[in-house]
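Good morning, everyone, and thank you for making room for me on the agenda. I would like to walk slowly through one structure today, so please have the picture open while I talk.

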Amino acid sequence: MENNASSLVEKYVFGVDIGGTTVKIGLLDMDGHKVEVWEIPTRTENNGEKVLPDIAEAIRKKMEDRGIKDSQVVGVGAGAPGPFSDDGTIFKAVNLGWSEFNMKDELHNLVKMPVKCGNDANVAALGEYWMGGGQGYKDMLMVTLGTGVGGGIIHNGKIFNGATGAGGEIGHIHIEDNEPLQCGCGNHGCLEQYASATGAVLLMNRVLEESDEECVLRGKDFVCKDIFDAAKNGDKLANVAITRYGDYLGKGLAMIASTINPEIIVFGGGVSKAGDILFDLVRPSFEKYVFHGAKRTKFALAKLGNDAGIFGAAKLVLDSIK
């Protein structure tokens with residue numbers, strides 16, 4: 001029995017989360033416990049030609065330093081910022097300089113071990129499903145509220161990618177007809193324009209333009225956190241802004257929940273650090289617009305922070321060997 005336990009402990013999986021500035025790499029055991037996590041710079045020059053070789057070199061060096069043999073590693077999982085096909089082809093990754101290529105095959109050729117790849121937001125959702133806020137549920141929606149609005153859909157314990165890898169792009173649901181400003185995707189009135197951290201600032205500025213009432217933020221440079229802090233301290237106009245924020249986000253999530261019927265929605269990203277006040281803002285609008293069959297959808301905060309991507313990437317590999 002002791003030998004069996006020892007052999008389980010000595011098996012590992014690598015999880016890789018590729019960002020525009022840094023690549024986060026995690027060495028995990030087969031039960032999902034972190035052995036070590038570290039970062040390397042993302043070298044995006046020359047259309048990102050060094051990104052995958054750098055990852056392979058970092059993994060190989062870590063194995064050498066720790067005396068880990070190839071036979072002890074079940075594989076490498078990686079998430080990257082772009083849509084993927086089921087065969088591991090990434091169609092584009094603008095902030096890495098990548099055009100379409102089969103990332104799974106190329107990374108496999110470099111590391112000489114099994115590789116699984118996926119969209120970074122979807123992979124982070126899988127991480128939260130496995131070891132974070134979505135533990136214990138089979139159907140989950142992850143919404144990431146940061147500079148933009150990202151998402152990931154987990155259906156029956158698996159990532160829902162969609163036909164062309166665009167499944168879970170919840171930030172680009174159309175939510176407002178009368179929006180003069182253009183979203184980064186090229187459309188107008190996307191959820192991301194209002195429910196992101198930058199969207200909260202947009203809404204606050206519009207509230208300030210509409211009213212001459214006193215506000216602690218008037219005449220200042222402020223960010224999303226400042227708006228929520230001002231609202232928590234009783235500022236009337238800040239409360240108006242975050243109420244609008246909650247209305248937009250609740251309506252968008254209601255549309256998604258009425259379509260995919262998740263058991264739980266997990267909130268991650270910088271804005272989620274506002275805490276339970278976020279649920280109080282979102283729930284009224286969500287319940288107003290959601291189909292009655294999905295009203296029981298639970299809300300929870302993400303738990304893994306910046307580690308969600310490495311957990312999810314590792315889980316891709318572990319699921320593939322079951």
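I will go through the sheets, then the cores, then one helix and a few single residues.

Before anything else, please keep in mind that what you see is a predicted model.

Let me start with the first sheet, which is open and is formed by five strands in the order S3-S2-S1-S4-S7, with mixed pairing. At its edges are strand S3, residues 34-41, and strand S7, each of which pairs on one side only. If we ignore direction, neighbouring strands of this sheet are turned by 15° against each other on average.

If you look for strand S4, residues 73-80, you will find that eight of its eight residues are buried. On one hand S4 pairs with strand S1, residues 12-18, in the parallel sense and over five bridges, and there Phe14 stands opposite Val76 of S4. S4 also pairs in the parallel sense with S7, residues 115-119, again over five bridges, and in this pairing Gly77 is opposite Lys116 of S7. The antiparallel part of the sheet can be found where strand S2, residues 22-29, is joined to S3 by seven bridges, with Glu39 in S3 as the bridge partner of Lys24.

Two helices belong in this picture as well. Helix H3, residues 51-66, lies across S1, S2, S3 and S4 and runs at about 140° to S3, while helix H5, residues 120-131, packs on the sheet by touching S1, S2, S4 and S7, with a direction that makes about 105° with that of S7.

Now let us turn to the other sheet. This one is also open, and its five strands follow the order S10-S9-S8-S11-S12 with mixed pairing. Strand S10, residues 158-159, and strand S12, residues 298-301, each have a single partner strand, so one side of each is left without a neighbour in the sheet. S11 and S12 pair in the parallel sense over four bridges, and Val266 stands opposite Ala300 in S12. Helix H9 lies across S8, S9 and S11, running at about 155° to S8, whereas helix H10 packs on the sheet through S8, S11 and S12, its direction making about 155° with that of S12.

With the sheets in place, we can ask about the interior: which residues of the largest nonpolar core touch the most other members? In this core of 47 residues, they are Met204, Tyr245, Leu253 and Phe267. Elements that each supply at least two residues include S8, S9, H7 and H10, and H9 gives the most, with eleven residues. Apart from this core lies another one, of 33 residues, and among them are Phe14, Ile59, Ala80 and Met113.

Next, please find helix H8, residues 224-232, whose buried residues are Cys224, Ile227, Phe228, Ala230 and Ala231. Why do these residues lie on the same side of H8? They do so because they cover an arc of only 160° around the axis. The elements that cover these buried residues include H7, H9 and H10. Just after H8 comes Gly234, which takes a positive phi of about 95°.

My next residue is Ser196, which sits in the loop between helix H6, residues 192-195, and helix H7, residues 197-210. Is Ser196 buried or exposed? Its relative accessible area is 1%, and since buried means under 20%, Ser196 is buried. A polar atom of the Ser196 side chain lies 2.9 Å from the backbone nitrogen of Gly199. Leaving out residues up to four places away in sequence, Ser196 touches Gly146, Thr147, Gly148, Val149, Tyr245 and Val271. Tyr245, in turn, has contacts that include Leu145, Tyr194, Phe228 and Leu278.

I will finish with two asparagines. Asn47, which has its place in helix H2, residues 45-48, has a positive phi near 55° even though this residue is not a glycine, and Asn47 is exposed, with a relative accessible area of 59%. Asn261, found in the loop between H9 and S11, likewise has a positive phi, of about 50°, without being a glycine; with a relative accessible area of 45%, Asn261 is partly exposed.

Notes. Residues are numbered from 1 along each chain as its sequence is written. This is a predicted model: local features need pLDDT of at least 70, side-chain atom pairs count only at pLDDT 80 or more; totals for chains, interfaces and linings use all residues. Side-chain values use heavy atoms; hydrogens and water are left out. Buried means under 20% relative accessible area, exposed over 50%, partly exposed in between (1.4 Å probe, protein chains only). A polar contact is a pair of N or O atoms within 3.5 Å; within protein, one must be able to donate a hydrogen and the other to accept it, and residues adjacent in sequence count only if both atoms are side-chain atoms. Contact means heavy atoms within 4.5 Å. Two strands pair if DSSP finds at least two bridges between them. Axes are lines fitted to C-alpha atoms, for helices over the stretch in contact, and angles run from 0 to 180 degrees between N-to-C directions. The arc is that of the directions from the helix axis to the C-beta atoms. A nonpolar core is a set of buried Ala, Val, Leu, Ile, Met, Phe, Trp, Tyr and Cys residues joined through side-chain atoms within 4.5 Å.
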